[in-house]
Amino acid sequence: MSTSVRNSAPSSEIPVIKNISSFIRQTSWVPPDVPGTTSPPMKQIERREWWLWSSVVIVTLLLTAGIASLALPLLHSETDSSYRENIRQSLRGLLGLVLLFDIYSVYQQFRIHRIRRQLMSRDDMFRVISENAADMIAVVDANGKRIYNSPAYERLLGYTPEELRTTPALEQVHPDDRARVAHAAEQARKSGRGERIEYRIRHKDGSWRVLESTASVVRDASGKSNNLVIVNRDITDRKRAEERLQHNAFHDALTDLPNRALFLDRLERAFSRAKRHPEYKFAVLFVDIDDFKKFNDSLGHAAGDDVLVQIAQRLMSSLRKNDTVSRQPHEGEGPPASHDSVARLGGDEFTILIEDIHDASDPIRVATRIQKVLAATPLSIGEQEIFASASVGIALSTSPHERAADLLRDADLAMYRAKDLGKSRCEVFDTAMHANAVKRLQLETDLRKAIEHGELCVHYQPIVRLSDMKIVGFEALVRWQRPHVGLIPPAEFIVVAEESGLIVPMNRWLRLEACQKMQLWQAEFPCNPPLTLSLNVTAKEFAHPGLINDIVQALEQTGLEPSSLQFEIVETVAMRDGEKPEGVLRQVTALGARLSIDDFGTGYSSLSRLRHLPADTLKIDRAFISRMDIDGDNRAVVRTIVSLAHNLGLMVVAEGTETLEEVNELLAIDCEYAQGYFFSRPVDGETALQMLRTGLCNQGSSSRVATAKPLPLPVRNPR
Ligand code: C2E
Ligand code: MG
Ligand code: MG
């Protein structure tokens, strides 16, 4: 109770009111408008007044009788004078007594009057307090009947005092809370003051409100418990706010689905249940939306959010079909899973807990159902309709894990496997995946050390101008010289470097190293235009805000001209929709560096978008170049790409040129540059220098190289 009235007692005879309930208890106050009742102090005053007036009457009668009996002899003339004198003196004495008694009576009456006034003003004060208090104050008699209800009841619960008075005190209390309320009242009657309890009460409009309540006993003069004064506070809003906060702590704000913490909690419970009932099995589905980044990048973040909300709804609807906790799934429908077992871990990751499964086929059926529901109809995002698919990883409770987080991690790994195997599919976790994950983690740790210990080195592969078979530049390619293992090609660690972010420091180092080399080579072999250095840039680096700064620093430290740099970006990254890729590409070209689209032909990108990119070179993927001499289709594709590139003012480099026939084909279709084992494999800096000195490339050792003759070999077809 916080309602307090300080310094409001009119005199020291009335206690200072600290709070309403203690005031009621201390003063045994009874509300003034309770019919037929008077407060105990007032009763005492009335009793005192009655005694006073009774004694006044009795004493007055006695004294009057005494005076009369004394005065009678004075009426007889024969009474002797000395006797008369005695009587007169006695009468004087009696009259003096009467006077004293009257003074005393008047004084007593004055005191009683003063106390009555004080009590009345206290009653008034309490009436004002109870009528204006935000809390509801009720007085309940020994039979549980309400005998007083403060006006706040009507304000807060809608009932008039009359309606409350005519109904039993527990009538409006929620049926589930009645026993608790009755018990608290009983305790209060026994101990004098009940515990603070919370309970629900029905508003007149039918809704439920939550009250916080304390009951205190008002005892009568004999000390027997009499009425119960209950002070109730409406805490519905506070309760709602608390519930909201609690909800927010365990739910995702965007989809309102349970979040990671709540999902892990449910998973822990499933584990405990499985311990108690070994026959109980469950599974975790880890659902990740395929290419979600594409939606975000192309449609914007608001639309991306919309996609997530719609997918969350689809996930729930695909589970709701079997929204029952009892077992016995129908043929082909999979096990039951309630829609509240779906959670959003963050980003485009959702998880689902499937309980009471028989074996792995049950969660697989649920995963298939989810994929069907997603594929059935497109999502409507604004004006657009888009199709979304998901990759699902499944982990079963039959694994040896005992911790929720471990099972979730297994499902996550299985989901990654589903992505690796082509997306829009589901994979069940197995131990080989775990072994792979451990291996991958080890690789990451080793790579981190390798960068620190300088185990990386750069190899250079020449790029040759086909018209005169001259080396015009080199592509820098990273290698890992692993102690006791040997030279590791980038295919085995670039992905790990990319995913772990190690690619950023790794390529920062590589750029500096290669720029230094190129600066020395340019000085030793001046030509026009100068030798170029091609450097690969990955998606992660591309998104790294420090990229441009890193490039500028490498150029400043080595003194290499920006125009000697050719950055290679794979087609899929360069062609991504959205503002950002194009913006960074333009920043790179603004420095004066040039841009190549690497592995062109593998990304199925729209060729028309090429004209919007600031690139000046296309590197045709080696998949098209190899077999070009024997496969007519490949030849046609390469010819088309070359002519399209020329139309757009781009130069072309043919990657993976391995045979003389391929070189001749490339010459025939006017491809300007080539790179491949036919000319040289990637070699260390020293060998590359020798190559520049002799003006010859090492002939590749590929078995497909038709001849081992030194350059220049190919014949230009007259056109
Ligand atoms: P890429 O940029 O397309 O590099 C060309 C790859 O093709 C190199 O493989 C090269 O050795 C290989 N290659 C060249 N000619 C032939 C040929 O005639 N036949 C065949 N079969 N292959 C040929 P490598 O060095 O293993 O690099 C593979 C990929 O790894 C590169 O593809 C590039 O995307 C990435 N990479 C390599 N080094 C780096 C680096 O330092 N930084 C970054 N970001 N990526 C790198
Ligand atoms: Mg490249
Ligand atoms: Mg390439």
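Tutor: Helices and strands are DSSP runs, numbered from the N terminus. Keep that in mind for labels such as β14. The model is predicted.

Student: Let me begin with a pocket. What is the volume of the second largest pocket?

Tutor: Its volume is about 580 Å³. The lining has 28 residues, and those closest to the centre are I471, V472, P529, P530 and L531.

Student: Which element gives the most to that lining?

Tutor: Read a lining by element as well as by residue. Strand β14 gives the most to the second largest pocket, with three residues. Elements that each supply at least two include β13 (456–465), β14 (470–482), β16 (532–537) and α23 (685–694). Also among them are β17 (565–570), β18 (594–600), β19 (617–620) and β20 (651–654).

Student: How do the residues of this lining divide by class?

Tutor: There are 14 nonpolar, nine polar and five charged residues in the lining of the second largest pocket.

Student: Two residues close to the pocket centre sit beside a loop. Where is P529?

Tutor: P529 lies in the loop between α15 (503–524) and β16. Check omega there. The peptide bond between N528 and P529 is cis, with omega about -5°.

Student: Now the metals. Which atoms coordinate the magnesium ion (ligand 2)?

Tutor: List the protein donors, then their distances. For the magnesium ion (ligand 2) they are E475 (OE), N536 (OD1), E568 (OE) and D598 (OD), at 2.0 to 2.2 Å. Next, read the sequence spacing: E-x60-N-x31-E-x29-D. E568 belongs to strand β17 and D598 to strand β18, so this pair ties together parts that are 30 residues apart in sequence. E568 and D598 are both buried.

Student: And which donors hold the magnesium ion (ligand 3)?

Tutor: D598 (OD), D599 (OD), E655 (OE) and E655 (OE) coordinate the magnesium ion (ligand 3), at 2.0 to 2.5 Å. E655 appears twice in that list. Along the chain the donor spacing is D-D-x55-E.

Student: How far apart are the two magnesium ions, and which residue coordinates both?

Tutor: The ions (ligand 3 and ligand 2) are 3.9 Å apart, and D598 is the residue that coordinates both.

Student: Are D598 and D599 buried or partly exposed?

Tutor: Buried means under 20% relative accessible area. D598 is at 4%, so it is buried. D599 is at 24%, so it counts as partly exposed. D599 is found in strand β18. Look at its backbone too: D599 has a positive phi of about 50° although it is not a glycine.

Student: Where else does a residue other than glycine have a positive phi?

Tutor: Try M469, with phi near 55°. M469 is in the loop between β13 and β14. Its relative accessible area is 6%, so M469 is buried.

Student: Next, aromatics. How many aromatic pairs does the structure hold?

Tutor: It holds nine. One of them is F678 with F679: edge-to-face, 5.1 Å centre to centre, with 85° between the planes. An aromatic ring pair is described by centre distance and plane angle. F678 is buried, at 0% relative accessibility. F679 is buried as well, at 0%.

Student: Which residues do ring pairs link into a cluster?

Tutor: F271, Y280 and F282. Y280 has another partner: R273 lies over its face, 4.0 Å from the ring centre.

Student: Over which ring does the charged end of R681 sit?

Tutor: Over the ring of Y677, at 3.9 Å from the centre.

Student: Back to empty space. How many cavities of 30 Å³ or more are there?

Tutor: There is one. A cavity differs from a pocket in that a probe fits but cannot get out. The largest cavity has a volume of about 30 Å³.

Student: What lines the largest cavity?

Tutor: V537, F542, L547, I551, F567, I569, V588 and L595. The elements giving two or more residues are α17 (547–558) and β17. By class, the lining has eight nonpolar residues, no polar and no charged ones.

Student: One last residue. Where is H544?

Tutor: H544 is in the loop between α16 (539–543) and α17. H544 is partly exposed, at 30% relative accessible area. Compare chain separation with spatial separation. H544 and G501 are 43 residues apart along the chain, and their C-alpha atoms are separated by 9.5 Å.

Notes:
Residues are numbered from 1 along each chain as its sequence is written. Chains are lettered from A and ligands numbered from 1 in the order in which they are written. This is a predicted model: local features need pLDDT of at least 70, side-chain atom pairs count only at pLDDT 80 or more; totals for chains, interfaces and linings use all residues. Side-chain values use heavy atoms; hydrogens and water are left out. On a 1 Å grid over the protein atoms alone, a cavity is a set of points where a 1.4 Å probe fits but cannot get out, and a pocket is an open set with protein on both sides within 12 Å along at least five of seven lines; lining residues have an atom within 4 Å of a point. Grid points are joined across faces, edges and corners, and a volume is the space filled by probe spheres set on the points. Helices (H or I, at least four residues) and strands (E, at least two) are DSSP runs, numbered from the N terminus. Ala, Val, Leu, Ile, Met, Phe, Trp, Tyr, Cys and Pro count as nonpolar, Asp, Glu, Lys and Arg as charged, and the others, Gly among them, as polar. Donors are N, O and S atoms within 2.8 Å of the metal (3.2 Å for Na, K and Ca); water is not among the atoms, so sites may look incomplete. Buried means under 20% relative accessible area, exposed over 50%, partly exposed in between (1.4 Å probe, protein chains only). Rings of Phe, Tyr and Trp (its six-membered ring) pair if their centres lie within 6.5 Å; planes under 30 degrees apart count as stacked, over 60 as edge-to-face and the rest as tilted. A charge sits over a ring if NZ of Lys or CZ of Arg is within 6 Å of the ring centre and within 35 degrees of the ring normal.
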